[in-house]
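Trainee: Before we discuss packing, could you show me the chain and then explain the terms as we use them?

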Amino acid sequence: MDHPFVIKLPAERPRLEPVPQSDIAEIREMFHQINQRYMVYEPSAYYYTVKRVIDLVMSMTFIIFVMSWLFPIVALLIKLTSKGPVFFIQKRTGYKGLDFDCFKFRTMYMNDEAHIKQASTGDKRITLIGKFLRMTHIDETPQFFNVLLGDMSIVGPRPHMLYHTQYYAKQTPYYNLRHEAQPGMTGMAQIKGYIGEISMERELRKRVQWDIYYLRHRGILLDVKIIFITIGHVFLKVFSIFSKREK
């Protein structure tokens with residue numbers, strides 16, 4: 001007769017080493033920050049529909065009533081002050097990480113670093129008219145065509161050039177989450193003062209945090225608020241530029 005196979009278990013279970021309380025608190029805090037800062041909220045279909053209608057109405061209105069007379073003036077000034085095309089077309093990272101052609105008025109002399117090096121204060125590559133276009137944000141107005149085509153939205157995280165996307169994604173945690181929304185002409189980070197050249201890692205992290213804040217709280221009211229604050233900032237900046245020249 002076969003004897004049954006018996007597995008003998010130890011009378012006492014081995015004790016697991018307790019995790020220090022400080023480590024547990026640190027882990028809880030880490031997950032708390034992830035839930036609070038980095039969780040992406042998915043809006044309803046209604047939001048996307050209304051947002052697209054706003055994008056179409058605003059872009060078409062600006063193109064018909066402003067770009068129709070602004071473009072010939074700016075194009076003439078660019079051509080008179082430097083050699084090269086009127087538009088500067090650059091590959092940038094868009095929705096879901098897909099690249100697209102981003103349109104701008106050309107503000108620099110033709111150079112080999114345009115697609116890998118961002119403009120900085122006192123950058124010698126910037127033309128005389130280019131400096132004015134950048135200060136007044138007129139250089140970005142061709143992006144209304146990107147909005148019309150559906151590559152961009154009026155409100156959303158600002159798109160970065162492909163070279164910087166690859167670099168920033170390695171340096172900044174959760175950076176790629178900002179690609180969960182359509183890139184915008186203006187966004188949460190911009191109305192908080194994070195605009196233009198990125199010179200410090202801390203500044204980039206703040207931009208990413210505000211972009212992800214927008215992803216978690218986005219809605220029609222927030223979009224409209226960002227649009228009006230941006231318009232106010234632009235008018236104040238243009239007013240300050242002309243008031244300084246008069247003095």
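Mentor: Helices (H or I, at least four residues) and strands (E, at least two) are DSSP runs, numbered from the N terminus. This is a predicted model, in which local features need pLDDT of at least 70, side-chain atom pairs count only at pLDDT 80 or more, and totals for chains, interfaces and linings use all residues. Residues are numbered from 1 along each chain as its sequence is written, and side-chain values use heavy atoms, with hydrogens and water left out.

Trainee: What phi does His137 take, just after α3?

Mentor: His137, which comes just after α3, takes a positive phi of about 65 degrees.

Trainee: What makes Thr127 a polar contact partner of Gly130 at the start of α3?

Mentor: A polar contact is a pair of N or O atoms within 3.5 Å, where within protein one must be able to donate a hydrogen and the other to accept it, and residues adjacent in sequence count only if both atoms are side-chain atoms. A side-chain oxygen of Thr127 reaches to within 2.9 Å of the backbone nitrogen of Gly130, so the pair meets that definition.

Trainee: Which residues of α3 are called buried, and why are they said to lie on the same side?

Mentor: Ile129, Gly130, Leu133 and Thr136 are buried, that is, under 20% relative accessible area with a 1.4 Å probe and protein chains only, where exposed means over 50% and partly exposed in between. They cover an arc (of the directions from the helix axis to the C-beta atoms) of only 140 degrees around the axis, which puts them on the same side of α3. On the other side of α3, Leu128 and Lys131 are exposed.
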